[in-house]
Amino acid sequence: MRRFVIAAAASLTLAACGGSNADADGDGEISMEEAAARSADMVRPQPGKYRATVEFVDVSMPGAPQQVQDMMRSMFDKEAQSHEYCLTKEEADKGFEEMARQAQDSNSDCTFEKFDVEGGSIDAVMNCKAEGQGTARMVMTGTGTETSSEMNMTMNGEGPDGQTMTMTMKSSQQRLGDCDA
């Protein structure tokens, strides 16, 4: 499940300015490559120091023993987690296009069911499969600019043993200024 969240997190810096017809080959699925191509004209984040914040809103595991559910809730029932990082000019220039290509290289097979980007907004549904780890469907909505982004994401996952889990989280990124020297 962690890889699924990482692949989805690549979408957090999106600041959209394009249209919504991302399924270039018309096969009913939007590959990471098609999403990357569609994202080539999107607003890119400015280089600089950023603060990223992730807050887990809810997690549920229907059918799991109560002890397991309590343990999962305690893991996620904490204050929002923040960290700061430096986004170099080279990384900013690559934008989502490069992030999508990198996500494609992982051991997970992800495609978009929906990838609408327009006017600084994203509305996307991503489906992932990872060998031996199960499947996940992530619904993502958010907004972004050159200096900030906000994203809401709900992930419904199913492990290889049939166990299901639903996780809802919010994330944001805010440019703080120039990178430390």
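## Exercises around strand E7

E6 and E7 form a hairpin, with three residues between the two strands. Keep in mind that the model is predicted. Let's work outward from this hairpin.

**Exercise 1.** Find how many bridges join E6 to E7 and in which sense the two strands run.

*Solution.* Start with the strand limits: E6 covers 134–144 and E7 covers 148–158. Next, look at the pairing: 10 bridges join these strands, and they run antiparallel. For a landmark, pick Met140, which stands opposite Met153 in E7.

**Exercise 2.** Now turn to E8 and describe how this strand pairs with E7.

*Solution.* Locate E8 at residues 164–177; its pairing with E7 is antiparallel and takes 11 bridges. Then choose a landmark here too: Met151 stands opposite Ser171 in E8. Finally, inspect the link. E7 and E8 form a hairpin with five residues between the strands, and Gly162 has a positive phi near 90° there.

**Exercise 3.** Sort the side chains of E7 by face, and say which face is buried.

*Solution.* Begin with the general rule: side chains in a regular strand alternate between the two faces of the sheet. Now apply a cut-off, with buried meaning under 20% relative accessible area. On one face, Ser149, Met151, Met153, Met155 and Gly157 are buried. Ser148, Glu150, Asn152, Thr154, Asn156 and Glu158 point to the other face and are not buried. For the wider setting, 38% of the 181 residues of the protein chain count as buried.

**Exercise 4.** Work out which strands help to line the second largest pocket, and what classes of residue they meet there.

*Solution.* First, the space: the second largest pocket holds about 160 Å³. Its lining includes Asn156, Gly157 and Glu158, along with Asp109, Cys128 and Arg137 among others. The elements giving two or more residues to this lining are E4, E5, E6 and E7. By class, the lining counts two nonpolar, five polar and five charged residues.

**Exercise 5.** Decide where the confidence is highest and where it is lowest among the elements of the protein chain.

*Solution.* Take the chain as a whole first: its mean pLDDT is 77, and 76% of the residues reach 70 or more. Then go element by element: E7 has the highest mean pLDDT, 93, while helix H1 (residues 2–9) has the lowest, 44. Over residues 1–20 the pLDDT is below 50, and this stretch has 74 contacts in the model beyond near neighbours in sequence.

Note on methods:
Residues are numbered from 1 along each chain as its sequence is written. This is a predicted model: local features need pLDDT of at least 70, side-chain atom pairs count only at pLDDT 80 or more; totals for chains, interfaces and linings use all residues. Side-chain values use heavy atoms; hydrogens and water are left out. On a 1 Å grid over the protein atoms alone, a cavity is a set of points where a 1.4 Å probe fits but cannot get out, and a pocket is an open set with protein on both sides within 12 Å along at least five of seven lines; lining residues have an atom within 4 Å of a point. Grid points are joined across faces, edges and corners, and a volume is the space filled by probe spheres set on the points. Helices (H or I, at least four residues) and strands (E, at least two) are DSSP runs, numbered from the N terminus. Ala, Val, Leu, Ile, Met, Phe, Trp, Tyr, Cys and Pro count as nonpolar, Asp, Glu, Lys and Arg as charged, and the others, Gly among them, as polar. Buried means under 20% relative accessible area, exposed over 50%, partly exposed in between (1.4 Å probe, protein chains only). Two strands pair if DSSP finds at least two bridges between them. pLDDT is the predictor's confidence in each residue, from 0 to 100. Contact means heavy atoms within 4.5 Å.
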